[in-house]
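Open the model in your viewer and switch to a cartoon display. The tour goes from strands to empty spaces, one selection at a time.

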Amino acid sequence: MKHLVLIGGGHSHAIVLKMFGLKPLAGVRLTLITDVLHAPYSGMLPGHVAGFYDYDECHIDLRSLAEFAGCQILVDRAIAIDLNKNLVICQTHPPINFDVLSVDIGTTPETLSVLGAAEYAIAAKPVPEFLASWNQLISERANHPQKPLRTAIVGGGAGGVELALNMQSRLGKEEGRGKREEGRGKKEEGRGKKEENLEYLSSEIHLFHSGAELMQGHNQRVRRRLKEILINRGVKVHLQEKVCAVKKIEREPNPQFPTDYQISCKSGLELECDRIFWVTQASAANWIRESGLAADSNGFMQVNDCLQSVSHPNVFAAGDIAAMVNYPRPKAGVFAVRQGKPLFENLQQFLLKKPLKPFAPQEQYLGLIGTGNKRAIASRGSFMWESALLWYWKDWIDRQFMQKFSNLPKTRNTK
């Protein structure tokens, strides 16, 4: 009996589990090590932030998926690999022995180099912690819609820009809802009296980016248009501002209002804010390199065209944690989705001691960037198109992908 261990419940591994359920392999035992039971789907997360999707619509139920695949699920976090003994070292459980290993753990934003960021900023990943902080903010906004709110986002790549637009959309809705409810209350209290004019301080969103232009991976038209949309929506864009420190500002205790923080930039710019979200360049878990696996200069696991570690043949990787040596690509969910089937096929081929199948990702991909108002911008090479139709097309694509992991057959194929 061979033991295949999957670390992480990313997009590629979700597809691998589904395909193992449809095409199981005799003599192979599966174990999934994951620190979450519901894996977020990156394509729908901005829409979830904007309030277009609920939690279940944008999360994959890993427990039911593992059950369909006949896979044991271990809720824990991998913290190391002993490659000499073929063991996965976990945070709380005893070590897990493996014959074949696959890693799909995604990335986290790089914060450690900035003083105070790891302690006081809210990283966009891991997603569960980010969503918990975001939901808390929305709850506070619903209870105190009149309170001034200043939110900072650090990172002007596609993730930071899309997050800013979708946050702005959701906060605007909450503020508008509070305005309507308070207006109704005033009207009921003062029957026959002239209703007072209510003044509201809008939520402020500040986007910090160290580069001269936003979204360097996209063409000039896309960059220019998204900057225009951000400014028109009232988002304060701070270009060529490198954040060098984040600190807490001690104030008189007041349970209604959260403690403020301060962002300091290399230029001398300082800004007080209520929340700081960190969406900078992705980094890899330290234990990848520390375990002895071949890694690139940023710590991502180096794999060949078959998604196999270049240093350890019985270890595979996919998604953002993997760096294809012959096909360097940006960290984007579309590549993780495309790698799912090739990863499954090569894991089975390796277990069957058959030749592996090389996989070549596409050179360019179509990026669909939601602008928080049920419109989207398409970006591919030098091409740009903006339309509400694109958002509905993206919505259809995302729902089709998520549909693959719902309504699974009660019994899997046992051939």
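Which residue in β2 is the bridge partner of isoleucine 7? Select isoleucine 7 together with isoleucine 33, and you have the pair: isoleucine 33 is the partner in β2. Keep in mind throughout that this is a predicted model.

**Stop 1: β1 and β2.** Widen the selection to strand β1, residues 2-7, and to β2. The two strands run parallel and are joined by six bridges. Now add helix α1, residues 11-22; together with β1 and β2, helix α1 makes a right-handed β-α-β unit.

**Stop 2: β2 and β5.** Keep β2 on screen and select strand β5, residues 71-75. Here too the strands run parallel, and five bridges join them. To find one contact, pick leucine 30, whose bridge partner in β5 is cysteine 71.

Show side chains on the strands next. In a regular strand, side chains alternate between the two faces of the sheet.

**Stop 3: the surroundings of β2.** Select residues 28-34, which form β2, and turn on the surface of everything else. Is this strand largely enclosed or not? Six of its seven residues are buried, meaning under 20% relative accessible area, so β2 is largely enclosed by the rest of the structure.

**Stop 4: the largest cavity.** Empty space is what remains when a probe the size of a water molecule is rolled over the atoms. The count of cavities of 30 Å³ or more comes to one. The largest cavity has a volume of about 90 Å³. To centre the view on this cavity, select Gly43, Gly47, Tyr53, Trp391 and Lys394, which lie nearest its centre among the 13 lining residues.

Which helix gives the most to this lining? Colour α10: it gives four residues. Helices α2 (45-50) and α6 (158-189) each supply at least two. By class, the lining of the largest cavity has five nonpolar, four polar and four charged residues.

**Stop 5: the second largest pocket.** Leave α10, residues 388-403, coloured and add β4, residues 59-61. Each of these two elements supplies at least two residues of the lining of the second largest pocket. This pocket has a volume of about 260 Å³. Select Asp56, Glu57, His59, Met402 and Ser406 to reach the residues nearest its centre, out of 13 that line it. The lining of the second largest pocket has four nonpolar, five polar and four charged residues.

Key:
Residues numbered from 1 in each chain as written. Predicted model: local features only at pLDDT ≥ 70, side-chain atom pairs only at ≥ 80, totals over all residues. Heavy atoms only, no water. 1 Å grid on protein atoms, 1.4 Å probe; cavity = no way out; pocket = protein on both sides within 12 Å on 5 of 7 lines; lining within 4 Å. Points joined across faces, edges and corners; volume = space filled by probe spheres on them. Nonpolar A, V, L, I, M, F, W, Y, C, P; charged D, E, K, R; others polar. Buried < 20%, exposed > 50% of the residue type's maximum accessible area, 1.4 Å probe, protein only. Pairing = 2+ DSSP bridges. Right-handed = clockwise from strand over helix to strand, strands pointing away.
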